Each structure stands twice: as structure tokens, then as C-alpha cells.
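Work through the exercises below with the sequence and the model open. Each task is followed by a solution in steps.

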Amino acid sequence: MYLKKSDPQVAKLIAAETKRQNETLDLIPSENIVSNSVLEAIGSPLINKYSEGYAGKRYYAGNAVADDVELLAITRAKKLFKLGDEWSVNVQALSGSPANMAVYFALLKPGDTVMGMALSSGGHLTHGSPANFSGKLFRMVSYDVTKKGFLDYNEIAKIARKEKPKMIIAGATAYPRVIDFQKFSNIAKEIGAFLMVDMAHIAGLVAAGSHPSPFLYADVVTTTTHKTLRGPRGALIFSRNDHMIASKKNPPAGGPGTKVSISRAIDQTVFPGLQGGPHDNQTAAIAIALSEAATPAFKKYAKQVVKNAKSLAKHLQQLGFTLISGGTDNHLMLIDLTNRGLTGKQAQDKLEQAGIIVNRNTIPHDTRSPFDPSGIRIGTPSLTTRGMKEKEMKEIAALISDTLTKGSLSVIQKRVKALCTKFPL
Ligand SMILES: Cc1ncc(COP(=O)(O)O)c(C=O)c1O
């Protein structure tokens, strides 16, 4: 409305991106489409406020509303995931990676041993990649998935007993199967490690009961708010406030041996440890998304996300594609392209030309580099938000197959556009 007049250059770019999203099929499993209410909150005057500190303990005046916004987001987060008084929630971390960083810095010292899923097996960069702060500042040991692509809990236990990590991370960025949080918890308990669950990818499924919840088992749960949870970019850190660690204050406020709850340590690490002021507009948008995720409509949505992923997987397999682990239990799948004479990057580029947006991905025990790996990762959260169902999944499997094998590009482009037009953003 205003932008077109005041800055036509940026207005044009936003219009072009909106058109691109409308006219392409987004199969990137970490992306989604937010509601208009979330968009409205992101663009609200809450963006103008500085609120360093926490509710009731801010450094600047004028924060009564910011306090209410933050407390509402916390209340809604606890309600959505059915949490009691033993859980605290920090809603200020700016995104998933800083949220994970806050947990590391709150619970550990640099050099401590941490165990996470290898990047090549589906773990996230923050779970120990050498290119990431986690791999640079901590002694990371990693667990892989089996050749078939499944977590092997006996093997994970063996590594844990040998390496004695202070923290174990369960959670992934490219794992198509259910994660057994109880098994991870048993391993962590046996060696006295913290269990951190990073449920960024599956948070929406957990909220809706379409994936088992980690909250019975974890000390800390982190999540982004912008993937299956369908909110704005952002993160939540849930932690057990009845689990204690030694105070890192030097000298400790209450004398030697003073303990603080891990929740307090995490809050202090987010602010002032890592960040200044929270993004209050983002917090409000998170509160909205959390309320949307508590509705019966969202429960239905999450169920459909999984049904669509299973349907897409089945049709791709019928067309001769190899899926890691032989299918999916959640919102995503990994296609192994080694038998198709294509690398992940070649497939990603070809599909993009057709209007099908995916991301290249390593497959377990990949012999190729992450820059040009052997697979692609695809998922259904975004398509499902647009209202697509099993019938469309069959068509999309055919479109992917045609693009990567024989089809005429211009014909495929037309078929993609026609499908997109039926399901506007
Ligand atoms: C499992 C997992 N954790 C953390 C993150 C990091 O989130 P962000 O990109 O918001 O930093 C991601 C994002 O891809 C993720 O998949």
C-alpha cells in the first residue's frame, strides 16, 4: 500500500517473491506459509520497541505491553505442548541456531564433550559440524544412522558409554523416521548426561500429536517456530526448572557450590549472554502461531502433512525412486539419486527450472560433498498449507519423475503452473 509509492524498488522485489511462491511448488521441508495474522503482527509497531530483559525486569521504560506479549507467548507455548509448572520457556532467542547456542553455553563449558547426529546422517549444523560454533568450541562426537538410514540406539549407547558426553542431542534436520526420545533418555540417564531435544523440524507434528512428544524425557527442548509449526522465524527454548546445575557466576552469588536451575541459566545466557533486545513483533507473531497450532484445524493439517508425505513417498517409489529408510513417518523424505545418474545439485537445478523447489542433501554415508551430494530432501508442510492432498501428491511425484527423466520442460512448467493456480498461497 505505502511501499509501492515510497520504495517501488523493494515493493517490486516483494511482489516478485510473492509471485514466485505462488507459481512454484515448495517442497523444502523446513519452509511453510504463515497466516495473514502472523504477517500482520510481524509488520506491527511492536517492532519499534526495545525490551532488553525479561517481563517485569526490563531495562527501559514503556514495556508493559511487551511484558504482556512475552508472557502470552510463554503461556501459549506451555499450553500447546501440555507442560506443567516444572517447565520454563524462553521465547527470545532470535532463531534456531542461536537458541541451540544458548543451551550449549548455559549447560556446558567450551571443550566439554557433546554428542549429536552427524550432519551427513541428517543432523543440523549446530549438532556438531566442524564449520559451526558447536564443532569449533566443543568436543563433538557424532552418531550416524545405519546404511538403511535408521537410528541405531544400541550403537548410540555404545558411543555414549565410551565418550561420556555431558550433553546428548536428539533431533534432526533430515531424518524421515520417528525418533524414540525414551531410548535417548535412557542412554543419557545411564551416563549422567543432559538430554537436549531439537524438535525444530517436527514441532508442528508434536503439537498436533502426529509425532511422539519429547517432553516426558528431555531436560531441554529447543525448536524453531517457522517450520511445521507454521509461525514466523524464531525459536523457543523449553527447560526443566527443577533440574539444577552449578552456578557459573564467579564468585557464585550464594557462595561456593551454589546451584541454579537450568532454566535460569538459559535465560541468563540468551540475555545478556548472547543477545540484546528481543524482537517483540516476532514474539507476538509466535504467540499467534501457537494459538493457531492449538486448533482442531491445525491438528487436521498436521495429520494431512504426514499423509501427504507417505503418499508422495509411495508414488515416487512406484516410479523407481530410492528413498532412504524405504519411506517416511513424518513430513519429509530423502531421495537417493545414485541409481538415476544425477547428483543432488543437478536434480535440484533441473527441478527448479520446472518450478519445483527442493534442496539437495547428503544421504547417509554419502561419498559426495555436501555442496554436490547424492540426494535431495523433500517434504510436504508448505504444499499441505496450500490445501493439497493425496491426489496432488500423485501428480507431483509424476512431475518430479518426468523432470528428472524424459519430460519436455515447457510442458512440465505448464503443468506445475496449472497445479499452483488451483492452490493459491
Ligand atoms: C533441527 C534444526 N535445528 C536448528 C535449526 C536452525 O534454525 P535457524 O535456521 O532458524 O537458525 C534448523 C534449521 O534448519 C534445524 O533443522
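**Exercise 1. Which hand does the crossing of α5 and α10 have, and which residues make the contact?**

Step 1. In this predicted model, the crossing of α5 and α10 is right-handed.

Step 2. Helix α10 covers residues 262–274, and its axis passes 8 Å from that of α5 at an angle of about 120 degrees.

Step 3. On the α5 side the contact uses Pro-98, Met-101, Ala-102, Val-103, Phe-105, Ala-106 and Leu-107. From α10 come Ile-262, Ala-265, Ile-266, Thr-269, Val-270, Gly-273 and Leu-274.

Step 4. Sorted by class, this contact of α5 with α10 holds 12 nonpolar and 2 polar residues, and no charged ones.

**Exercise 2. Find the cis peptide bond and the residue with a positive phi that is not a glycine, and place each in the chain.**

Step 1. Recall the background: most peptide bonds are trans, and most residues other than glycine have a negative phi.

Step 2. The cis bond links Phe-271 to Pro-272, with omega at about 10 degrees. Pro-272 belongs to helix α10.

Step 3. Arg-230, not a glycine, has a positive phi of about 65 degrees. Arg-230 sits in the loop that runs between β9 and β10 (235–240).

**Exercise 3. Describe the shell of residues around the ligand.**

Step 1. The shell counts 14 residues, of which Ser-95, Gly-96, Ser-97, Thr-173 and Ala-200 come nearest to the ligand.

Step 2. Helix α5 (residues 96–107) supplies the largest share of the shell, 3 residues.

Step 3. By class, the shell has 11 polar, 2 nonpolar and 1 charged residue.

**Exercise 4. What is the strand order of the open sheet of 7 strands, and why does each edge strand have one side without a neighbour?**

Step 1. The order reads β4-β10-β9-β8-β7-β5-β6, and the pairing is mixed.

Step 2. The edge strands are β4 (87–90) and β6 (139–143); each has a single partner strand, so one side of each lacks a neighbour in the sheet.

Step 3. From one strand to the next, the twist averages 20 degrees.

Step 4. For one pair within the sheet, take β8 (residues 194–198) and β9 (residues 220–224), which are parallel and joined over 3 bridges. Met-196 faces Val-220 of β9.

**Exercise 5. Trace the open sheet of 4 strands and the helices that pack on it.**

Step 1. The strands follow the order β13-β14-β17-β16 with antiparallel pairing.

Step 2. β13 (322–323) and β16 (359–361) are at the edges with a single partner strand each, so one side of each has no neighbour in the sheet.

Step 3. β14 (residues 332–336) and β17 (residues 375–379) pair antiparallel over 5 bridges, and Met-333 has Ile-378 in β17 as its bridge partner.

Step 4. Helix α12 (residues 296–318) packs on this sheet, where it touches β13, β14 and β17 and makes about 15 degrees with the direction of β14.

Step 5. Helix α13 (residues 344–354) lies across β16 and β17, at about 170 degrees to β16.

**Exercise 6. How is the chain divided into domains, and how many residues does each give to the contact?**

Step 1. The division gives domain 1 (39–292) and domain 2 (304–422).

Step 2. Their C-alpha centres are 30 Å apart.

Step 3. Domain 1 contributes 19 residues to the contact, and domain 2 contributes 19 residues.

Step 4. On the domain 1 side, the residues that touch domain 2 are 7 nonpolar, 6 polar and 6 charged.

How values were computed
Residues numbered from 1 in each chain as written. Predicted model: local features only at pLDDT ≥ 70, side-chain atom pairs only at ≥ 80, totals over all residues. Near = placed C-beta within 6 Å. Helix = DSSP H or I, 4+ residues; strand = E, 2+ residues; numbered from the N terminus. Nonpolar A, V, L, I, M, F, W, Y, C, P; charged D, E, K, R; others polar. Pairing = 2+ DSSP bridges. Axes fitted to C-alpha atoms, helices over the stretch in contact; angles between N-to-C directions. Domains from an automatic or database assignment. Contact = placed C-beta atoms within 7 Å. Left-handed = near helix turned anticlockwise from the far one by under 90°.
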